[in-house]
Structure formats: C-alpha cells, structure tokens
Amino acid sequence: MKLLLLAVGHKQPEWIDMACQEYLKRLPREINVQVCEVKPEPREGKAREQLLAAEGIRLRQSLKSFPRARLVALDEKGEDLTTRQFAGRLRDWLASGENVAFLIGGADGLEAELKAGARDILRLSSLTLPHGLARVLLCEQLYRASSLLSGHPYHREG
C-alpha cells in the first residue's frame, strides 16, 4: 500500500518538514508515504472559484502519477473521526491493498469537483489549522493509527 499526501502550499518552514519526516520514518515498512506539494495559484485579482479551479488542475495533474488511488479529501466540513476510527479506516485500506491519496487544499480549500470525486471527506479538527500544521497532524495520526493497529502503547485512551 502506498499513501500520497498531496498538499497545495508553498515551501514549508523547516520545522514542518522535520516533524512530518519524523512521524513518517516511524511508520512500518508496509506503509509507504510520499509527500508532494502543489504550487498555489497566485491570488492577485482572482475570484475564489478561479483559484480553486487552477489548484484543482494542478492536483489532478499530480494524481496522474498515482492512478486509481482512493481519494481522501481533508475538509473542515468532513467526517469527524476519533483516532480509533481513523485506525480502523487505515486497517481497511491496508487490507484492500489500494493506494490512498490524501488531498490538502490551499488557503481557500479544495475545489468542489475534487471533493465530489473523493471516496472519503475527513476533517482533522474543528479548529482552523495552518496548512503546514495540518500536514504534521495527518502524519502524526497516520503514525498513531499504525501504532494502535500494531498494539504499540503510543496510543493511550482515557
């Protein structure tokens, strides 16, 4: 199984990249994660729909290297899962053998067409998160979910 973390955004601060790398290197070998950044559309004088459409084109172009992947859109209005529920999803995705592409939109989110084509729409938090922090949170939750599935004590429930 391969996972793609596809995110609209500029070059992230070093601490973001380091945190993502730290969690991703802890994942078991059978969970291979590739992180790919997509250039955001310049905002000058453009309507939100134009920005989303341009970024949507770039995201779809990047997805061509990851064909037939299950799309999981991250969106503030997505399904709210507990870590245990997310681990269950990860377990199911591992069992299916299908590749999974997580989509993180830019400042204006994701194009409606991309969200409509996603098999899952999840939210990471009810709070508004900077995009770099959303990446770190997703990487940490992938590690936490895999730890939970393997019985590792990293995940503790009260």
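This report describes how helices pack, where pockets lie and how one charged pair is placed in a predicted model.

## Basis of the model

Residues are numbered from 1 along each chain as its sequence is written. Because the model is predicted, local features need pLDDT of at least 70 and side-chain atom pairs count only at pLDDT 80 or more, while totals for chains, interfaces and linings use all residues; side-chain values use heavy atoms, with hydrogens and water left out.

## Helices packed on H5

Helix H1 (residues 14-25) and helix H5 (residues 131-149), like the other helices (H or I, at least four residues) and strands (E, at least two), are DSSP runs numbered from the N terminus. The axes of H1 and H5, which are lines fitted to C-alpha atoms over the stretch in contact, come within 8 Å and cross at roughly 10°, so H1 is roughly parallel to H5 (an angle under 35 degrees, where angles run from 0 to 180 degrees between N-to-C directions). In this contact (heavy atoms within 4.5 Å), residues of H1 including Trp 15, Ile 16 and Tyr 23 meet residues of H5 including Leu 133, Val 136 and Tyr 143. The contact of H1 with H5 has 10 nonpolar residues (Ala, Val, Leu, Ile, Met, Phe, Trp, Tyr, Cys and Pro), one polar residue (the others, Gly among them) and two charged residues (Asp, Glu, Lys and Arg).

Helix H3 (residues 83-96) packs against H5 at an angle of about 75°, with their axes 9 Å apart, and that makes H3 roughly perpendicular to H5 (65 to 115 degrees). Among the H3 residues in this contact are Phe 86, Leu 90 and Leu 94, and among those of H5 are Leu 138, Leu 142 and Leu 149.

## Pockets

A pocket is an open set of points on a 1 Å grid over the protein atoms alone, where a 1.4 Å probe fits, with protein on both sides within 12 Å along at least five of seven lines. The largest pocket has a volume (the space filled by probe spheres set on the points) of about 540 Å³. Its lining (residues with an atom within 4 Å of a point) has 23 residues, of which Leu 74, Asp 75, Glu 76, Leu 129 and His 131 lie nearest the centre. Strand E3 (70-80) gives the most to this lining, with four residues.

The second largest pocket has a volume of about 200 Å³, and 13 residues line it.

## A salt bridge between loops

The whole structure holds 17 salt bridges (a side-chain nitrogen of Lys or Arg within 4 Å of a carboxyl oxygen of Asp or Glu). In one of them, Arg 43 and Asp 108 meet at 2.7 Å, N to O. Arg 43 lies in the loop between strand E2 and helix H2 and Asp 108 in the loop between strand E4 and helix H4, so the pair ties together parts that are 65 residues apart in sequence.

Notes
Parallel < 35°, antiparallel > 145°, perpendicular 65-115°, else oblique.
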